[in-house]
Amino acid sequence: MSAELPVLTQFGTRLKALGWISDLLVAGSVATGDYVPGVSDLDLVAVTNGPVDDDRQAVLSSLHRQVDRSIGAGLQLGCVYVDVDQREPVQVPHPTWTHGVLVHRIVSAVTRAELVRYGYAVFGRAPQALFPAMNGHDIREAARAELSGYWAWAVRRPWIWLDPVIADLGLTSMARGRYALRTGDLLTKSRAIEQAAAPAWLVDQLRARRRGEDVSSPRLRTAWIAWRDARRTTRIARGRNSHLDQTT
């Protein structure tokens, strides 16, 4: 896959030259085979030798700005930097370059599941050698945590669903979450669109946007559909409708 996306190899070369990054891993849609040029982000995880202190963060910010202006222009290349000794605890935040800024975020359990199931290394060790394996129960718990965490928070703020990006992401994330709770497996964003709890006209528009087409949906109606679906699904995650949860 990295041969199809030369930016990964070129970016990896720049990171490796820093001397304190041992591994660069591919996650997200590139790893799952669901990458759509111009639509999908490039989600990467780098493992560092030691903490990423203020000096290292400054170096990374400068490097990423250069990449975003050159080989990574328009690709939304993001990367989380994980200290090798802090890679297993899920709730530890790590320096993360995303959409032009450096923030601190955790490597979510869902991202970890994608890594160990589908991810691969641009250089260094394979994800499976760095992160624990995840079975069906683990994936169900990862989905439950994501639904009960950020998405439950979002449901309590109905106004944010007026953002078309949040509405689209919510519809696909709810479909992915329900699928994980039901099966103990992961679902790509493209496949999630086909299982979105939305009317046919909105599913058609979701497909079009996933293809990169400039198609808009009625803002208020879409926000209501997405928020209502999220409210129902987060209740499922909290156990109020446990019939979707199966055992392996």
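Author: A crossover counts as right-handed if, with the strands pointing away from the viewer, the path from the first strand over the helix to the second runs clockwise. Keep that in mind for this predicted model.

Reader: What makes β2, helix α3 and β3 a β-α-β unit, and of which hand?

Author: Strand β2 covers residues 42-48. Helix α3 takes residues 54-69. Strand β3 spans residues 77-83. The path goes from β2 over α3 to β3, and the unit is right-handed. By the definition, that path runs clockwise when the strands point away from the viewer.

Reader: How do you know that β2 and β3 pair, and in which sense?

Author: Two strands pair if there are at least two bridges between them. Seven bridges join β2 to β3, and the two run parallel. One of the partner pairs is T48 with D83 in β3.

Reader: What about β2 and β1?

Author: Five bridges join them, and they run antiparallel. Strand β1 covers residues 21-26. There, L24 stands opposite A46 of β2.

Reader: How many bridges do β3 and β4 have?

Author: Two, in the antiparallel sense. The definition asks for at least two, so β3 and β4 count as paired. Across this pair, V80 faces T96 in β4.

Reader: Why is β2 called largely enclosed?

Author: Buried means under 20% relative accessible area. Six of the seven residues of β2 meet that, so the rest of the structure largely encloses the strand.

Reader: Which strand order does the sheet have?

Author: The order is β5-β4-β3-β2-β1-β6. The sheet is open, has six strands and shows mixed pairing.

Reader: Why are β5 and β6 called edge strands?

Author: Each has a single partner strand, so one side of each lacks a neighbour in the sheet. β5 is 101-105 and β6 is 120-123. On average, neighbouring strands are turned by 30° against each other, direction ignored.

Reader: Which helix lies across β1, β2, β3 and β6?

Author: Helix α1, residues 6-16. It runs at about 60° to β6.

Reader: How many helices and strands does the protein chain have?

Author: There are 10 helices and six strands.

Reader: Why is the chain called as compact as a globular protein of its length?

Author: Its radius of gyration is 18 Å, and the globule rule gives 18 Å for 248 residues, so the chain is as compact as a globular protein of that length. Of the 248 residues, 49% count as buried.

Notes:
Residues are numbered from 1 along each chain as its sequence is written. This is a predicted model: local features need pLDDT of at least 70, side-chain atom pairs count only at pLDDT 80 or more; totals for chains, interfaces and linings use all residues. Side-chain values use heavy atoms; hydrogens and water are left out. Buried means under 20% relative accessible area, exposed over 50%, partly exposed in between (1.4 Å probe, protein chains only). Helices (H or I, at least four residues) and strands (E, at least two) are DSSP runs, numbered from the N terminus. The radius of gyration is taken over C-alpha atoms; the globule rule is 2.2 Å times the number of residues to the power 0.38. Axes are lines fitted to C-alpha atoms, for helices over the stretch in contact, and angles run from 0 to 180 degrees between N-to-C directions. Contact means heavy atoms within 4.5 Å.
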